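Have your viewer open and ready for a short tour. We will move from stop to stop, with something to select at each one.

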Amino acid sequence: MITDLIKLPALALAIILYGVILVLLCRGVFGHASISKRQLAFISLSASGLHLVGALLQMFSHSSADFSLFTSGSLIFAVTGAIVTFSSLKKPVHALELIIVPISMGLIIASLVFQPTKLTELSPGESAHVVLSILAYGLITIATASALVMSYASYQLKHKHINALGSLMPPLETIEKMLFEMILAGELFLTASIITGVLFHEDFFAQHLIHKTFFSLLSWLIFAVLLVGHHVFGWRGTKAMKLTVSGFITLLLAYVGSKFVIEMILV
């Protein structure tokens with residue numbers, strides 16, 4: 001198919017460019033070589049753009065959609081990488097790429113190796129639910145990466161450790177602002193995802209998906225508590241990091257758990 005002529009080269013080039021990004025970042029951290037932020041931004045834009053195109057074609061290149069575990073994960077991290085790349089044009093957030101890039105590479109390879117045995121036909125409402133879910137997962141993934149970077153940067157400052165990785169770190173205030181911006185946006189998309197799931201998925205509360213519903217609602221509650229705590233009580237720092245990671249892990253259990261049950265057990 002003609003889509004394969006675009007999809008496979010796009011994903012292959014994305015992997016190569018992601019590798020180049022890792023080399024540049026590692027040289028900056030461990031080799032003490034200066035990094036051209038403009039060059040890095042150009043390569044990151046190219047890599048995330050190719051990944052996004054390839055992942056979209058991988059998911060929607062057939063009459064039915066491929067929502068398998070690795071294909072969906074690849075698209076989520078393609079969206080994540082694109083958001084981080086555009087953020088890096090205004091904010092020094094390249095440290096997030098040290099977390100996101102290797103995971104993106106692994107998911108692309110896994111999605112190509114492990115092909116789905118069956119595709120899924122979805123109604124427009126169900127498709128909207130999936131798109132909203134992917135955006136929510138991507139934004140919350142960025143928030144979690146920001147929380148981990150913030151925790152590391154805080155540790156470095158507290159113990160007065162100075163290393164080359166610090167040159168990739170934005171100020172703590174920038175990381176924290178981005179953290180709560182991503183959590184708020186992710187929570188809004190997660191809310192819309194849950195609502196569309198209830199409205200358009202006939203089996204949203206079916207027994208084989210009940211754990212997905214439970215963990216999705218629990219994750220929504222964790223992030224809601226964090227946002228209220230931040231704006232009302234001024235929660236930040238370690239407490240914000242722990243709640244962010246807890247919410248992410250809970251959402252990961254909802255997503256990966258349901259996919260594992262459906263694709264690995266209920267086959």
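Which residues in the largest nonpolar core touch the most other members? Select Leu-96, Ile-134, Leu-179, Phe-180 and Ile-183: these are the ones, out of 46 residues in that core. Now colour by helix to see where the core comes from: α2 (37-60), α3 (69-88), α4 (97-113), α5 (124-158), α6 (172-200), α7 and α8 (237-265) each contribute at least two residues. The largest share, 13 residues, belongs to α5. As you look around, keep in mind that this is a predicted model.

Stay with one of those core residues, Phe-180, and show what surrounds it. Beyond its neighbours within four places in sequence, Phe-180 is in contact with Leu-226, Leu-227, His-230, Trp-235 and Ala-240. Apart from the largest core there is another, made of 14 residues; to find it, select Ile-15, Leu-24, Ala-47 and Met-105, which are among its members. In soluble globular proteins, nonpolar side chains tend to be buried together.

**The whole chain**

Zoom out for a moment and switch to a cartoon. You should be looking at eight helices and zero strands, so the order of elements from the N terminus reads α-α-α-α-α-α-α-α. Of the 267 residues in the chain, 47% are buried. Among contacts with a separation of 6 or more, 78% are between residues 24 or more positions apart. If you turn on the surface, its accessible area comes to about 13400 Å², and carbon and sulfur atoms account for 72% of that.

**Two helices, end to end**

Next, select α2. Its 24 residues reach 34 Å from first C-alpha to last, close to the 34 Å expected at 1.5 Å a residue. Buried residues in α2 include Leu-40, Ile-43, Ala-47, His-51, Gly-54 and Met-59. Ala-47 should look familiar, as it was one of the residues of the 14-residue core.

Move on to α3, with 20 residues and a reach of 28 Å, close to the 28 Å expected. How many of the residues of α3 are buried? The count is 17 of the 20, so α3 is largely enclosed by the rest of the structure.

Now pick Ser-88, which sits in α3. Is Ser-88 buried or exposed? Its relative accessibility is 11%, so Ser-88 counts as buried. Leaving out residues up to four places away in sequence, Ser-88 touches Val-93 and His-94. For a longer step along the chain, draw a distance from Ser-88 to Pro-170: they are 82 residues apart, and their C-alpha atoms are separated by 10.0 Å.

**A salt bridge**

Select Glu-176 and Arg-236 and show their side chains. They meet in a salt bridge, at 2.9 Å from N to O. This pair links distant parts of the chain, with Glu-176 in helix α6 and Arg-236 in the loop between α7 and α8, 60 residues apart. The count of salt bridges comes to one. At 12% relative accessibility, Glu-176 counts as buried.

**Last stop: a surface patch**

Finally, select Phe-214, Leu-218, Trp-220, Leu-221 and Val-225. Together they form a nonpolar patch on the surface, with about 430 Å² of accessible area. Where is Leu-221 placed? Leu-221 lies in helix α7, which covers residues 210-233. With a relative accessibility of 45%, Leu-221 counts as partly exposed.

Terms used: Residues numbered from 1 in each chain as written. Predicted model: local features only at pLDDT ≥ 70, side-chain atom pairs only at ≥ 80, totals over all residues. Heavy atoms only, no water. Patch = residues over 30% accessible without salt bridge, like charges linked within 9 Å, V, L, I, M, F, W, Y side chains within 5 Å. Areas by Shrake-Rupley, 256 points an atom, 1.4 Å probe, with all protein chains shown as cover. Salt bridge = Lys/Arg side-chain N within 4 Å of Asp/Glu carboxyl O. Helix = DSSP H or I, 4+ residues; strand = E, 2+ residues; numbered from the N terminus. Buried < 20%, exposed > 50% of the residue type's maximum accessible area, 1.4 Å probe, protein only. Core = buried A, V, L, I, M, F, W, Y, C linked by side-chain atoms within 4.5 Å. Contact = heavy atoms within 4.5 Å. Expected span 1.5 Å × (residues − 1).
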